[in-house]
Amino acid sequence: MEKSDFSVLPSHIGIIMDGNGRWAKKRGLERSKGHIEGAKTFRKIGEYAGNLGISHISFYAFSTENWARPQNEVDAIMQLFYEYLEEARERLDENLEKGIRLRFLGDRAALSPELQYMMDYIEDATKEMSKVNLNIAVNYGGQQEILHSVKKIAQRVRSGELSPDEISLDDISAGLYTSDQPPVDLVIRPSGEQRLSNFLLWQSAYAEFWYSDVLWPDFTTDDLDKALLAYEKRNRRFGGI
């Protein structure tokens, strides 16, 4: 399917990459194998969405709650993330040519110094790009993100820069990881689950939702097409008539 086949495309899609562990379990494999396959799907879907002309794509990779998973699974996910960062650094010229800006959403304090360094390096190297904004949420929680923004506002109030009566929605938005990006138009969640799971809560206030029973490693470009076709049929009223 070509870009011209869609009458309208969302400016910003959020994708909850769910079902890796169940995919592996169904095949009698370790959960880490599911994350390996899910990483392949992430690369494929991210590239395809960018080629379609979707300018902002946010992937939910690892939540603040995911630290509670078995240590070997957490280690496997972090290793995959490291390998992705290495690949992104090796393909930097290619990504720059495609106009891809990479950004990472979440609290980096719990990540290793090596991961933090690589994330900073890649963000800085691609910061002038704007054709495709690719966000990867790592150690991310939507409630925590809003709290982080509110604390920034509280500091401004305490310093006398801002009065409580002057606090606006824009002030909260400005303190988010996605402060300079448009709100989410479409949230896609595969694997049969139908919840937001603390993902981009503020940004998804008026997002459309699309669910699928397909486990993330099996998610294909055809599945993304189905989500986009469903989106263009939605009547988005934003509280109006």
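The largest nonpolar core in this predicted model comprises 41 residues. Within this core, F59, L85 and L224 have the most contacts. Helix 3, residues 71–90, contributes the largest share, with 7 residues. A second core, separate from that one, has 11 residues, and Y140, V187, F199 and A207 are among them.

Let me stay with F59 for a moment. Leaving aside residues up to four places away in sequence, F59 touches I15, M17, F42, I45 and G46. Its contacts also include L134, N135, I136 and A137, together with F199 and W216. One of these partners, F199, is a member of the second core.

I turn now to the pockets. The largest pocket holds about 690 Å³ of space. It is lined by 32 residues, and M17, N20, Y60, A61 and F62 are the closest to its centre. M17 therefore deserves a second mention, as a residue that F59 touches. 

Which elements each supply at least two residues of this lining? They are helix 1 (20–26), helix 2 (31–52), strand 2 (56–63), helix 3 and strand 4 (132–140). Helix 2 gives the most, with 6 residues. By character, the lining of the largest pocket divides into 15 nonpolar, 8 polar and 9 charged residues.

The second largest pocket contains about 380 Å³ of space. Of its 18 lining residues, G46, E47, N95, K98 and I100 are the closest to the centre. G46 has already appeared among the residues touched by F59. Helix 2, helix 3, strand 3 (100–105) and strand 4 each supply at least two residues of this second lining. Here the largest share again comes from helix 2, namely 6 residues. The lining of the second largest pocket consists of 8 nonpolar, 4 polar and 6 charged residues.

My last item is a single charged residue, D171. D171 is located in helix 7, which spans residues 169–174. Is D171 buried or exposed? Its relative accessibility is 15%, so D171 counts as buried, the cut-off being under 20%. The D171 side chain makes a polar contact with the side chain of R156, at 3.4 Å. Not counting residues up to four places away in sequence, D171 touches R156 as well as S149, I153, L162 and E166.

Definitions and conventions: Residues numbered from 1 in each chain as written. Predicted model: local features only at pLDDT ≥ 70, side-chain atom pairs only at ≥ 80, totals over all residues. Heavy atoms only, no water. Core = buried A, V, L, I, M, F, W, Y, C linked by side-chain atoms within 4.5 Å. Buried < 20%, exposed > 50% of the residue type's maximum accessible area, 1.4 Å probe, protein only. Helix = DSSP H or I, 4+ residues; strand = E, 2+ residues; numbered from the N terminus. Contact = heavy atoms within 4.5 Å. 1 Å grid on protein atoms, 1.4 Å probe; cavity = no way out; pocket = protein on both sides within 12 Å on 5 of 7 lines; lining within 4 Å. Points joined across faces, edges and corners; volume = space filled by probe spheres on them. Polar contact = N/O pair within 3.5 Å; in protein donor to acceptor, adjacent residues only side chain to side chain.
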